[in-house]
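User: Please pick one part of this model and take me through it closely. Keep it brisk, and give the cut-offs as you go.

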Amino acid sequence: MKKIECIVRTVSLEPLIGALEQLDIAGLNITQTMGYGHQKGASEAHVYRGVEYTVKLREKFKVELVVNDEQVEDVVNTIVSVTRTKQVGDGKIFIYPIEDAIRIRTGEKGNAAV
Ligand SMILES: Nc1ncnc2c1ncn2[C@@H]1O[C@H](COP(=O)(O)OP(=O)(O)OP(=O)(O)O)[C@@H](O)[C@H]1O
Ligand SMILES: [Mg+2]
């Protein structure tokens, strides 16, 4: 089992959820988040009434899914294909090993619990 965590642009959230629904995904978790990457939140400067201002932290969405190992490639490919614009700030994907999972209702464990 792996946890796939991706941080994506706010505009990417709806198309991403739509695309993930086409895969056999058991569930997902979404959080509004703030952060910055290599540009330190600087080079996506906004202009308001002719004045450029810089907001250090970017608002993004974090989408987390725990999947079976054989689903990882499909999920990652889907995330990249939906969210890549090739502009800075497209986001990031992190993949974590998951030691165990328990489905509370049934007591199932491991892959069966996902
Ligand atoms: N190393 C990191 N650790 C944790 N979160 C990160 C990391 N890098 C980026 N993030 C999160 O992902 C968001 C998007 O990052 P972003 O796409 O700007 O990454 P980047 O490395 O700067 O790539 P790019 O050069 O394409 O902009 C950030 O606002 C931050 O919330
Ligand atoms: Mg960046």
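Analyst: **One strand and its partners**

Asp 74 lies in helix α2 (helices: DSSP runs of H or I, at least four residues; strands: E, at least two; numbered from the N terminus). The model is predicted, so local features need pLDDT of at least 70 and side-chain atom pairs 80 or more, while totals for chains, interfaces and linings use all residues. Residues count from 1 along each chain as written, chains are lettered from A and ligands numbered from 1 in written order, and side-chain values use heavy atoms, without hydrogens or water.

Asp 74 is a reference point outside the strand of interest. At 46% relative accessibility, Asp 74 counts as partly exposed (buried is under 20%, exposed over 50%, partly exposed in between; 1.4 Å probe, protein chains only). Asp 74 and Phe 61 are 13 residues apart along the chain. Their C-alpha atoms are separated by 20 Å.

Now the strand itself, β5. It spans residues 58–67. Strand β5 is mostly covered, with seven of its 10 residues buried. Two partners matter here. Strand β1, residues 2–8, runs antiparallel to β5, and seven bridges join the two (strands pair if DSSP finds at least two bridges between them). Strand β2, residues 29–35, also pairs with β5 in the antiparallel sense, over seven bridges. Each pairing has a residue to look at. In β5, Glu 64 stands opposite Glu 5. Also in β5, Lys 60 stands opposite Thr 33.

How buried or exposed are the two glutamates? Glu 5 is buried, at 8% relative accessible area. Glu 64 is buried too, at 15% relative accessibility. Side chains of opposite charge can pair when their charged atoms come close.

Which residue does Glu 64 meet in a salt bridge? That residue is Lys 3 (a salt bridge puts a side-chain nitrogen of Lys or Arg within 4 Å of a carboxyl oxygen of Asp or Glu). The closest N and O atoms of Lys 3 and Glu 64 are 3.0 Å apart. Lys 3 lies in strand β1 and Glu 64 in strand β5, so the pair ties together parts that are 61 residues apart in sequence. Lys 3 also forms a salt bridge with Glu 5, where the closest N and O atoms are 4.0 Å apart. Lys 3, Glu 5 and Glu 64 are thus joined in a network of salt bridges.

How many salt bridges does the whole structure hold? The search finds five. One of them can be set beside the network. Glu 108 and Arg 103 meet through their side chains, at 3.2 Å from N to O. Glu 108 is partly exposed, at 28% relative accessibility. Arg 103 is partly exposed as well, with a relative accessible area of 37%. Compare the network: Glu 5 and Glu 64 both count as buried.

One backbone check remains, away from the strand. Lys 86 sits in the loop between α2, residues 72–83, and β6. Its phi is near 75°, a positive value in a residue other than glycine. Lys 86 is exposed, with a relative accessible area of 73%.

Back to the main picture. Strand β5 pairs antiparallel with β1 and with β2. Lys 3 of β1 reaches Glu 64 of β5 through a salt bridge.
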